[in-house]
Structure formats: C-alpha cells, structure tokens
Amino acid sequence: KYFLFSAYFNGFAFSEVLYKKLKPDYPGNFNRKKGEHVEAMIKNFFKEKGYTYHSGNYTISKGHNDECDMVIETADKIIFIEIKNQPLPDSFEQGDDIETLRCLGEGMIKAQIQCFKHIKKLKNKGYIIFDGENQPTYKLNYNNRRIICISICSQEYLFLTNKMFSEIFLESMLCT
C-alpha cells in the first residue's frame with residue numbers, strides 16, 4: 001500500500017514514476033487491474049458512508065451493451081458516477097496540442113460521454129435495467145428526476161484543479 005502525505009507527491013510526475021516502477025512487476029493487464037482496484041476502493045468508500053448504489057451492465061440496443069460504474073438515487077435525483085483511472089501517457093508531455101487534448105479526452109471526457117449515454121438511455125426508455133455486479137438485477141426508473149453526472153479521475157489530473165494553470169492551459173490551446 002502507498003500513502004501519499006503531501007500534495008507535492010500527488011502530482012503527475014510522481015504518479016508517472018510510481019506507475020512505471022510498479023507496472024513491470026505485475027503480469028497481465030496492469031492498467032485494468034489497477035482500475036478495478038481503484039473502482040472497488042471508491043465503491044467501498046461510498047458503502048462505508050452509508051450510500052446505497054447500483055452498478056452493472058445494461059443493453060443500449062440489440063447487441064450493444066454499456067456499463068455504469070455507480071448510480072445513486074434519491075427521491076428527486078439520479079446521480080451517475082463514472083470512475084476512470086486512465087493514466088496520462090508519455091506523449092502528454094510532448095507539447096503537441098492535439099496529442100495533449102487527446103490524452104486529456106481519453107482520461108476525463110470518456111467518463112462524461114459514458115454518463116451522457118446513461119442519460120440518453122434513461123430519458124428515451126424511461127428506465128434502465130442493470131445486470132448487477134454481485135447484485136441482483138435492478139430497474140432504475142427516470143420519473144423526471146434531476147440527473148447529475150460525476151466523473152472521478154486519476155490524481156494525475158489534479159493539476160487541472162488549479163485555476164491559474166487551467167486558464168493559462170486553455171488560453172495556450174485556443175491561440176492560433
């Protein structure tokens with residue numbers, strides 16, 4: 001187990017070095033296993049806080065399925081939570097605008113796209129039937145409730161929470 005005490009050690013460079021050190025020691029698909037552990041940790045956190053959630057696969061159309069990491073319901077809200085643990089690749093630091101945006105998109109935007117698929121299915125059909133992961137089949141009814149989407153991304157994206165950095169980054173990407 002690793003415990004990161006200082007915010008300085010939660011940055012991209014430290015995460016990248018740690019990732020590169022650990023990956024060779026784990027056979028198979030390290031990213032997939034890491035993602036599964038992160039997802040389980042987040043689900044356990046919600047469970048420990050007393051939240052009831054559902055998750056699992058559902059049918060979008062014949063032959064096409066999608067997965068929902070977590071959905072939490074209240075009387076007036078439906079909250080979709082998508083957990084992505086996509087590491088930033090080495091190409092992120094190369095400075096190419098298109099590659100930088102592609103890397104950010106794969107790590108963060110995919111989660112929101114997945115949430116929007118859930119919303120579209122829910123609003124079009126009025127419900128989603130989840131084939132639960134270690135849970136019984138569950139029917140989520142829309143009932144015109146407010147829908148909220150939350151993406152939980154890897155700490156490698158922490159730098160985007162700095163307002164000044166984000167403004168400068170976006171300005172540099174928009175310059176022609």
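In which sense, parallel or antiparallel, do strand 3 and strand 6 pair, and over how many bridges? In this predicted model, strand 3 and strand 6 (residues 146–152) pair in the parallel sense, and 7 bridges connect them. Within this pairing, Glu82 has Ser151 of strand 6 opposite to it. Strand 3 is also joined to strand 2, by 4 bridges, and these two strands run antiparallel. The connection between strand 2 and strand 3 is a hairpin of 3 residues. Across this antiparallel pair, Val71 has Phe80 of strand 3 as its bridge partner. Strand 3 is largely enclosed by the rest of the structure, because 6 of its 7 residues are buried. In a regular strand, the side chains point alternately to one face of the sheet and to the other.

The nonpolar interior was examined next. The largest nonpolar core comprises 13 residues, and those with the most contacts inside it are Val71, Ile78, Phe80, Leu122, Phe130, Leu140 and Ile147. At least two residues of this core are supplied by each of strand 2 (64–73), strand 3 (77–83), helix 3 (97–125) and strand 4 (127–132). Helix 3 provides the largest share, with 3 residues. Another core, of 8 residues, lies apart from the largest one, and its members include Tyr53, Ile79, Ile81 and Ile83. In soluble globular proteins, nonpolar side chains tend to be buried together.

Phe130, one of the residues with the most contacts inside the largest core, was considered in further detail. Phe130 counts as buried because its relative accessibility is 0%. When neighbours within four places in sequence are left aside, Phe130 is in contact with Ser55, Gly56, Asn57, Tyr58, Cys68, Val71, Pro136, Thr137, Tyr138 and Leu140. Two of these partners, Val71 and Leu140, are themselves listed with Phe130 among the residues with the most contacts inside the largest core.

Aromatic pairs were then assessed. A pair of aromatic rings is described by how far apart the centres lie and by the angle of the planes. The count comes to 3 aromatic pairs. In one of them, Phe46 and Tyr51 are arranged edge-to-face, at 5.8 Å centre to centre and with 65° between the planes. Phe46 is buried, at 14% relative accessibility, whereas Tyr51 is partly exposed, with a relative accessible area of 46%. The rings of Tyr58 and Phe130 also form a pair, which is edge-to-face because the planes stand at 85°, with the centres 5.7 Å apart. This pair links distant parts of the chain, as Tyr58 belongs to strand 1 (residues 54–61) and Phe130 to strand 4, 72 residues apart. Tyr58 is buried, at 1% relative accessibility. Phe45, Phe46 and Tyr51 together make up one aromatic cluster. A charged side chain is also placed against a ring: Lys139 lies over the face of Tyr127, 4.4 Å from the ring centre.

Charged pairs complete the description. The number of salt bridges comes to 5. Among them is the one between Lys77 and Asp76, whose closest N and O atoms are 4.0 Å apart. Lys77 is partly exposed, with a relative accessible area of 27%, and Asp76 is likewise partly exposed, at 46%. Another salt bridge joins Lys84 to Glu82, with the closest N and O atoms 3.9 Å apart. Here Lys84 is buried, with a relative accessible area of 18%, and Glu82 also counts as buried, at 0% relative accessibility. Glu82 thus takes part in a salt bridge with Lys84 and stands opposite Ser151 in strand 6.

A further salt bridge is formed by Glu167 and Lys163, with the closest N and O atoms 3.9 Å apart. Both residues lie in helix 4 (residues 163–174), where Glu167 and Lys163 are 4 residues apart, about one turn of the helix. Glu167 counts as partly exposed, at 39% relative accessibility, whereas Lys163 is exposed, with a relative accessible area of 62%.

Note on methods. Residues numbered from 1 in each chain as written. Predicted model: local features only at pLDDT ≥ 70, side-chain atom pairs only at ≥ 80, totals over all residues. Heavy atoms only, no water. Core = buried A, V, L, I, M, F, W, Y, C linked by side-chain atoms within 4.5 Å. Buried < 20%, exposed > 50% of the residue type's maximum accessible area, 1.4 Å probe, protein only. Contact = heavy atoms within 4.5 Å. Phe/Tyr/Trp six-rings, centres within 6.5 Å; stacked < 30°, edge-to-face > 60°. Lys NZ or Arg CZ within 6 Å of the ring centre and 35° of its normal. Pairing = 2+ DSSP bridges. Salt bridge = Lys/Arg side-chain N within 4 Å of Asp/Glu carboxyl O.
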